[in-house]
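Trainee: Please take me through one part of this model at close range. I would like a single connected account, starting from one residue and moving outward.

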Amino acid sequence: RHKYLVEGNDSRGIDVGVMMRDETRDGEKIEIVDIRSHAALTYGDLDLFTPALAATNKADDKIFKRDCLELELTIGGRPLALYVVHLKSMSNGRDGADGRSYTMPVREAETKAIRHIIEARFGKGQTADKNFVICGDMNDYQERVDVIGDRRSGYQFNPSGRLESALDVFSADGFAENVMLRRDPLDRWTLYHARGPEEQHLCQLDYLWLSPALARRNAGRTPEIIRNGQPFR
């Protein structure tokens, strides 16, 4: 019933938006109190410019490649802050680095900026008991499942260990919880990636990061993944 979108920074017209019903499945009213775009923030605004960014960015460049769209809601009268993002994509690598590593400084600045926005709103060190969700396509992962083999010989699915990620900004000190970890390790993926049979893996690019309080109150809930519409491969 309700659609919210603010034009962001992507020159191709890729924006982030939110669609909402009038009420929850349980009949509680969903109301929007305020909506804010953070597309105008620069690295210099938040002192996030680093030598690693200097190769591809300037200090006065925009932090978010699309936006961090902030919605202040009430659900049945209870407050909920929603932060909707689509972080920098893992483009082709260069200078000997793969695409994920080469673009990671940009995503790391984006995740630090998201955390800054939340802490500026609720107070640094005061966020654990607040209700917030950070959601969207993060274009990064902390683990993956390597796919070995082919249809003729059969497949093996090997979960990897802990991988360095820009998303560590959220998880390292318990700032937010990736609730997809409640699913089986082989069933957390939202992307199948392949460049021929020698490079295949499954990984989670799409996230619902819940505040500690929200995660605790929904401890018995597990996110669904809808994979309808995947290409035949």
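Mentor: Arg100 touches Met90, Arg107, Asp140, Tyr141, Leu163, Glu164 and Ser165, leaving out residues up to four places away in sequence. This is a predicted model. Arg100 is part of helix α2. Its relative accessible area is 13%, under the 20% cut-off, so Arg100 counts as buried.

Now take the helix itself. Helix α2 covers residues 99–122 and lies across β3, β4, β5 and β6 (132–137). Against β5, helix α2 runs at about 160 degrees.

Next, the sheet under the helix. Six strands form an open sheet in the order β3-β4-β5-β6-β12-β9, and the pairing is mixed. The edges are β3 (30–37) and β9 (177–178); each has a single partner strand, so one side of each has no neighbour in the sheet.

Look closer at β4. On one side, β3 and β4 pair antiparallel over seven bridges. Ser37 stands opposite Leu69 of β4 there. On the other side, β4 (residues 68–75) and β5 (residues 78–86) run antiparallel, joined by eight bridges. Two of the pairs can be named: Cys68 has Val85 in β5 as its bridge partner, and Glu70 has Tyr83. β4 and β5 make a hairpin with two residues between them. Gly76 sits in that turn, with a positive phi of about 60 degrees. How much of β4 is buried? Seven of its eight residues are, which makes the strand mostly covered.

Then the packing. In soluble globular proteins, nonpolar side chains tend to be buried together. Here the largest nonpolar core has 31 residues. Ile114, Ile134, Met138 and Phe170 have the most contacts inside it. The elements giving two or more residues to this core are β5, α2, β6, α3 (168–171) and β12 (206–210). Helix α2 gives the largest share, six residues.

Phe170 shows the contacts in detail. Setting aside neighbours within four places in sequence, Phe170 is in contact with Thr111, Ile114, Arg115, Ile134, Met138, Phe175, Ala176 and Trp209. Three of the core's best-connected residues, Ile114, Ile134 and Met138, are thus on the contact list of the fourth, Phe170. Another core lies apart from this one. That core has 18 residues, among them Val16, Val84, Leu210 and Leu214.

Note on methods:
Residues numbered from 1 in each chain as written. Predicted model: local features only at pLDDT ≥ 70, side-chain atom pairs only at ≥ 80, totals over all residues. Heavy atoms only, no water. Pairing = 2+ DSSP bridges. Helix = DSSP H or I, 4+ residues; strand = E, 2+ residues; numbered from the N terminus. Contact = heavy atoms within 4.5 Å. Axes fitted to C-alpha atoms, helices over the stretch in contact; angles between N-to-C directions. Core = buried A, V, L, I, M, F, W, Y, C linked by side-chain atoms within 4.5 Å. Buried < 20%, exposed > 50% of the residue type's maximum accessible area, 1.4 Å probe, protein only.
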